[in-house]
Amino acid sequence: MPLPLGIRTRFLRPSGRLTGKSLQNRPLPRGLSTTLYSTNVHSAGASHARALSTGSNQSSFPGRMHRGTWACRQGWASAYYRSYATDVMAEASPEDLRRLNMLRNIGISAHIDSGKTTLTERVLFYTGRIKEIHEVRGRDNVGAKMDWMELEREKGITIQSAATYATWGDFNFNIIDTPGHVDFTIEVERALRVLDGAVLVLCSVSGVQSQTITVDRQMKRYSVPRICFINKMDRAGANPFRVIDQVRHKLKLNAAAIQLPMGAEDKFEGVIDLVKMKAYYNEGYRGMDLITKEIPAEYLEKAQEKRQEMIATLAEVDEDIAELFLNEQDPSEEQISKAIRARTIDRSFTPVLMGSAIKDKAIQPLLSAVCEYLPTPLEVENFALDLKNQEEKKAIIPVSNLPYVGLAFKLEEGKYGQLTYIRVYQGQMQKGDTIYHVRTGKKVKVSRLVRMHSNEMEDVDKVGAGEICALFGIDCASGDTFTDGTKLSMTSMHVPEPVISLSLTPKSKDTANFSKALNRFQREDPTFRVHLDPESKETIISGMGELHLDIYVERMRREYKVECTTGKPRVAFRETITQKATFNYTHKKQSGGAGQFARVMGYIEPMEAGEEDGVSTEFSNEVLSGSIPTNFIPACQKGFEDGLEKGWLIGHRINGVRYVLQDGMAHAVDSSEMAFRLAASYGFRDAFMKAGPIILEPVMKVEVSAPVEYQGNVLSSINKRKGTIVDTDTRDDYCNVTAMVSLNNMFNYSTELRSGTQGKGEFTMEYERHAPVMMSTQKELIEAYQKSRTQKK
Ligand SMILES: Nc1nc2c(ncn2[C@@H]2O[C@H](COP(=O)(O)OP(=O)(O)OP(=O)(O)O)[C@@H](O)[C@H]2O)c(=O)[nH]1
């Protein structure tokens with residue numbers, strides 16, 4: 001279930017007005033001494049971080065929090081949450097609060113091939129997690145650290161999101177690098193569900209692309225504050241300000257550059273920080289040393305102009321800056337950074353940074369911006385549902401001295417065994433603890449606790465609130481909540497509907513590994529579904545696209561040694577109704593032995609298309625007179641659900657139907673649950689055929705990009721596939737065509753596009769919605785279905 005709007009709104013940081021001075025004077029807790037920043041190879045970056053964590057412009061990191069010091073500003077979800085949080089934080093230990101203030105849980109997301117993995121590799125290097133940088137598809141054959149699956153390294157794409165723990169000066173990070181390909185969109189959903197902030201990576205040439213829009217929508221769904229990073233500043237045609245323009249118009253974000261590039265393309269030298277008005281250059285091995293200099297004279301004027309632009313954009317959303325702006329006063333560095341932080345967290349402003357991951361340029365300032373502007377776990381509101389108390393919303397505060405609440409957001413079977421990733425939302429978890437699995441009611445012992453570093457791990461004894469860790473050998477599904485014993489459930493994430501399916505048959509007769517693999521894949525990935533076709537007796541797998549399913553077939557072969565044959569990919573059609581129809585059905589069997597009797601009356605009607613695109617269904621019991629005894633009502637509901645499984649037009653799932661049971665009849669002896677279940681299902685079938693049934697198909701948003709000379713070929717290929725062109729845009733000798741095309745017409749498009757553009761065209765597609773098929777197609781599909789059924793008989 002997606003989070004209802006407004007639930008995960010952020011609360012702003014304390015208005016305790018702790019000055020940079022008060023922070024500096026405050027003694028560091030034991031174990032956090034400044035000698036951490038010794039002269040190791042990462043010292044340049046680390047000292048930059050240190051300047052951040054103790055520097056005078058850091059009033060934004062409160063070290064101590066007192067009751068009543070929290071500001072009441074826009075973004076608070078409820079007064080209740082606010083007062084509760086204040087109470088709780090007054091009781092928390094200063095060490096715990098300091099730890100939380102130094103913690104960032106961030107995701108790195110973007111359109112495919114924007115350079116997320118390349119960027120993350122630098123982040124790991126500068127934070128000292130890895131000793132050497134390896135490129136995605138690099139010549140050294142090692143592959144990037146975060147793309148650890150053999151398949152990922154071969155294909156050069158990220159399939160699973162990998163979590164990594166790293167430190168940057170006094171700050172601790174959990175970073176999740178997420179896949180860009182739409183087929184793995186669930187990985188992005190899961191990451192965003194548990195992260196507090198994100199870096200949205202864009203390419204300096206391609207700008208906002210189709211998947212950038214999807215990721216942005218997902219970030220909005222989970223109210224995740226973000227900073228943008230324009231990568232690939234070294235590429236020919238790099239233009240960060242055009243990209244910012246697209247971010248403002250296409251993503252509707254109030255974005256402004258907080259940096260100015262010094263040069264571009266092969267002349268890209270570094271960036272100017274428009275807040276501090278300093279120039280940064282990378283020197284030394286792999287750009288390890290971040291050198292700060294005065295702004296070169298030739299960039300001074302431009303830097304002033306862009307700084308004013310940044311201030312004007314901030315003034316639109318920040319009262320303090322607006323006041324200074326109107327009075328024509330220049331805000332100080334501290335005032336600007338404070339406003340950027342507050343407005344990034346309440347999502348009214350998006351700071352934009354830039355650099356080149358591949359050339360090791362301007363990555364450290366990005367890390368510093370993550371610490372400086374993205375929220376701590378304390379600045380994010382989270383709620384759980386109290387299952388014992390009519391699902392009442394309960395505030396969850398990430399301090400370690402409260403009872404434990406954690407969410408399993410990802411399962412993975414790695415080389416060390418079954419791993420469960422958990423975000424600790426409240427309380428802490430220690431090795432040896434017993435935690436409670438809310439869905440099953442079972443108690444689970446925490447025998448081994450680790451922090452993940454891509455596919456490697458580090459054993460820890462304890463993790464505090466707000467942290468991300470992994471447990472071994474726990475039987476659960478992704479989205480499950482664990483607590484200390486209370487029946488709480490963290491609201492779970494949005495799971496998109498599968499759009500494509502294919503039959504899968506193991507070549508050998510030994511099917512034990514086949515079933516084991518399918519079970520595991522399903523538990524790991526909620527968008528991967530498996531069912532048995534009762535007629536053909538074939539195993540059908542469904543997912544988000546051909547690549548998604550191909551990867552599982554390949555993993556089955558590599559990891560489980562099961563070779564399979566696959567059927568032709570089929571589109572995940574759905575069936576629905578267009579009008580209301582009544583039913584009045586009597587199920588009667590009284591020929592010898594125990595009889596069966598049940599009668600149901602009522603109607604079915606189309607549901608209004610909701611947020612989930614009409615996939616919802618509803619059973620409503622309006623039987624007043626007791627004509628159907630209440631103990632048979634659940635059986636009627638089951639009968640309706642049985643009917644939904646397989647539609648009567650082409651055997652696909654039925655969606656968007658409300659079933660209203662109004663009346664009926666029971667027999668004192670012959671009525672049973674089974675009789676009512678059958679009656680309800682047959683009644684549904686009768687009404688369905690009278691209710692104007694139609695077939696829906698997945699419509700995809702297709703984005704094609706190719707050199708302009710092939711525009712004609714691209715357009716005609718879309719027209720041939722009965723697509724609707726919604727946008728065409730020509731830029732730098734490239735044309736970009738956006739179209740809506742039914743998935744059924746998209747098979748083998750890559751081959752056609754390749755030959756029509758001499759291999760220079762590329763396309764991405766993404767599920768948009770389910771829409772009715774054309775009447776002629778509906779007729780063909782029904783005929784083919786009927787024919788296949790008669791052949792099987
Ligand atoms: N010119 C240039 N190329 C880059 C830069 N960063 C990454 N690349 C290249 O862009 C390609 C994609 O990089 P990845 O890091 O795999 O991108 P990704 O976003 O992680 O890709 P997916 O995980 O498949 O979505 C690789 O060939 C990189 O070498 C950069 O700053 N400049």
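Two strands are taken as paired if DSSP finds at least two bridges between them. With that cut-off in hand, the strand pairings of this predicted model can be followed one by one. Strand 12, which spans residues 382–386, is joined to strand 13 by five bridges, and the two run antiparallel. Within this pairing, Ala-384 has Lys-394 of strand 13 as its bridge partner.

The pairing of strands 12 and 13 belongs to an open sheet of three strands, whose order is 13-12-24 and whose pairing is antiparallel. Strand 13 (392–396) and strand 24 (488–490) each have a single partner strand and stand at the edges, so one side of each is left without a neighbour in the sheet. From one strand to the next, the twist of this sheet averages 40°.

Another set of pairings, also worth a look, involves strands 7, 8 and 9. Strand 7 (residues 259–262) and strand 8 (residues 270–273) run antiparallel and are joined by four bridges. Here Leu-260 is found opposite Ile-272 of strand 8. Strand 8 is in turn linked by four bridges to strand 9 (residues 278–283), again in an antiparallel manner. One of the residue pairs in this pairing is Asp-273 with Lys-278, the latter lying in strand 9.

Strands 8 and 9 form a hairpin, with four residues between the two strands. The turn of this hairpin includes Met-277, which has a positive phi of about 55°. As a general point that applies to the pairings described here, strands of a sheet pair through backbone hydrogen bonds, in either a parallel or an antiparallel way.

How values were computed
Residues numbered from 1 in each chain as written. Predicted model: local features only at pLDDT ≥ 70, side-chain atom pairs only at ≥ 80, totals over all residues. Axes fitted to C-alpha atoms, helices over the stretch in contact; angles between N-to-C directions.
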